[in-house]
Amino acid sequence: MAFDVAAIRAQFPILDPAAHGRPLHYLDNGATAQMPQAVLDAVIRHETRHRANVKRSVHFLAEAATEAYDQARDAMAAYVNAAGADEIVFTSGCTAAINLVAHSFGALLKPGDEVVFSTLEHHSNIVPWHMLAKRAGVVVKAIPVTAEGRLDLAALPKVIGPRCKLVAVTHVSNVTGAETDVAALVAAARAVGAKVLLDGAQRAPHGPIDVAALGVDFYAFSGHKMFGPNGIGVLWGRGELLARMPPFLGGGEMITRVTLEETSFAEPPRRFEAGTPPIAQAVGMAAAARWIESVDQEAAHAHLQKLTARLLDGLDGMKKVRVIGPTGLQARFPVVSFAVEGAHPHDICQMLDEDGVALRGGHHCAQPLMAAFGVTGTTRASLALYNDAGDIDALLAGLDRTIRRLTA
Ligand code: PLP
């Protein structure tokens, strides 16, 4: 079936250039993706018809809000193929989800235990482990990357040793678009009895996830990168593992009983959701998941592969441009980073903005990866399924002009 990108674009009000009085080629989806009308409607409907706190009052609005929140959890459980909705913890985002694991799973670790991440990680999957190392004497180790910007699988036996308790790695790199070979990672972790966390922030927008098939233990992602609201994210965790973990934050609705002396805690997921949760945001994230599910996944994938190929081909023909990361289409998602000899990524982004091309330039919260590639930053185009050939061509034409101006 042909992929009707015009019909997809029409569902995103913000993509209408008339809304801005200037062209818009939005290629910064790795930072935040836009919301379709269906998601905007779901949020407005909730806020205008069902707004109330959840799991507290008994009036009809509170009941409706609680039902909407529970249904959102069901939808997210379906999106990742969880064994049950109780395995879905709503958080404020992917960062908060990883921090939750660092605190609550981290509380089960002993000094000298090891946590392994990789050189590819976003800072949100490095810094919480550094903080845990300081707090608890846990030792952190990093899987190196290959010249192509993928996990160096040959190094796994050296890095993942008998003291390793958790391997926490990105599913898809926010810099190179490289997809992690999860099977190899899980095999190496299981061989030493370690758990596996995948940071799915950049994978979640590209269709439903099957955590059972992946064979991992935790999966973290954000709403705003998958066409949903911000301020919401999900931590999926294996039920038996969540049940063993102490809470991270304390407060309302995560307890069974509180006396002046002590607290006993509710079962997961409530144990991990202290205080009033982001309710409309959860409703919006669930609407986003349903919206993604409504799209023909194969056609969307083929569309994005075609656009990625068009972009890589165009960059390949440009002098002074070096793609950082895989230059082929195998095991990659539509995120493409490049460096331009003699030009700073911020200047490139600024000049392309004049053409209406929205990119991101900088270290992408991945300074160790920048160091591994010997650059301080890159320019990044990250695509979503509403992007079209016109967006890619505008980027390539603008980049060509920009390079001639900046490096003449
Ligand atoms: N992990 C990856 C791979 C990311 O790209 C990002 C954000 O760019 C995050 C984690 C953090 O996501 P958030 O800022 O939504 O918590």
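**Two domains and a covered strand**

In this predicted model, domain 1 and domain 2 bury about 2,400 Å² between them, and carbon and sulfur atoms give 62% of that area. In domain 1, the residues that lose the most area to domain 2 are Gln297, Phe333 and Leu369, together 26% of what that side buries.

Visitor: Which residues make up domain 1 and domain 2?
Guide: Domain 1 takes in 5-30 + 296-407, and domain 2 covers 40-293. Their centres, taken over C-alpha atoms, are 28 Å apart.

Visitor: How do you know that domain 1 and domain 2 are in contact?
Guide: Contact requires heavy atoms within 4.5 Å. By that cut-off, 34 residues of domain 1 are in contact with 30 residues of domain 2.

Visitor: How many salt bridges does the rule find across the interface of domain 1 and domain 2?
Guide: Zero. A pair would need a side-chain nitrogen of Lys or Arg within 4 Å of a carboxyl oxygen of Asp or Glu, and the rule finds zero such salt bridges across this interface.

Visitor: Why is the sulfur of cysteine 164 too far for a bond?
Guide: The closest cysteine sulfur, in cysteine 94, is 19 Å away. A disulfide needs the two sulfur atoms within 2.5 Å, so this pair does not qualify.

Visitor: What about the sulfur of cysteine 365?
Guide: For cysteine 365 the closest cysteine sulfur is also in cysteine 94, at 12 Å, and that is too far for a bond. The structure holds zero disulfides.

Visitor: Why is cysteine 164 called buried?
Guide: Its relative accessible area is 1%. Buried means under 20%, so cysteine 164 is buried.

Visitor: What makes cysteine 365 partly exposed?
Guide: Cysteine 365 has a relative accessible area of 23%. Partly exposed lies between the 20% limit for buried and the 50% limit for exposed, so the term applies to cysteine 365.

Visitor: Why is strand 15 called mostly covered?
Guide: Strand 15 spans residues 378-382, and five of its five residues are buried. Thr378, Arg380 and Ser382 point one way, while Thr379 and Ala381 point the other way. In a regular strand, side chains alternate between the two faces of the sheet.

Visitor: How do you know that strand 12 and strand 15 pair?
Guide: Pairing needs at least two bridges. Strand 12 (residues 335-340) and strand 15 have four, in the antiparallel sense. Valine 335 stands opposite serine 382 in strand 15.

Visitor: How many bridges join strand 14 to strand 15?
Guide: Three, and the two strands run antiparallel. Arginine 360 has arginine 380 in strand 15 as its bridge partner.

Key
Residues numbered from 1 in each chain as written. Predicted model: local features only at pLDDT ≥ 70, side-chain atom pairs only at ≥ 80, totals over all residues. Heavy atoms only, no water. Buried < 20%, exposed > 50% of the residue type's maximum accessible area, 1.4 Å probe, protein only. Domains from an automatic or database assignment. Buried area = accessible area lost by both parts, 1.4 Å probe.
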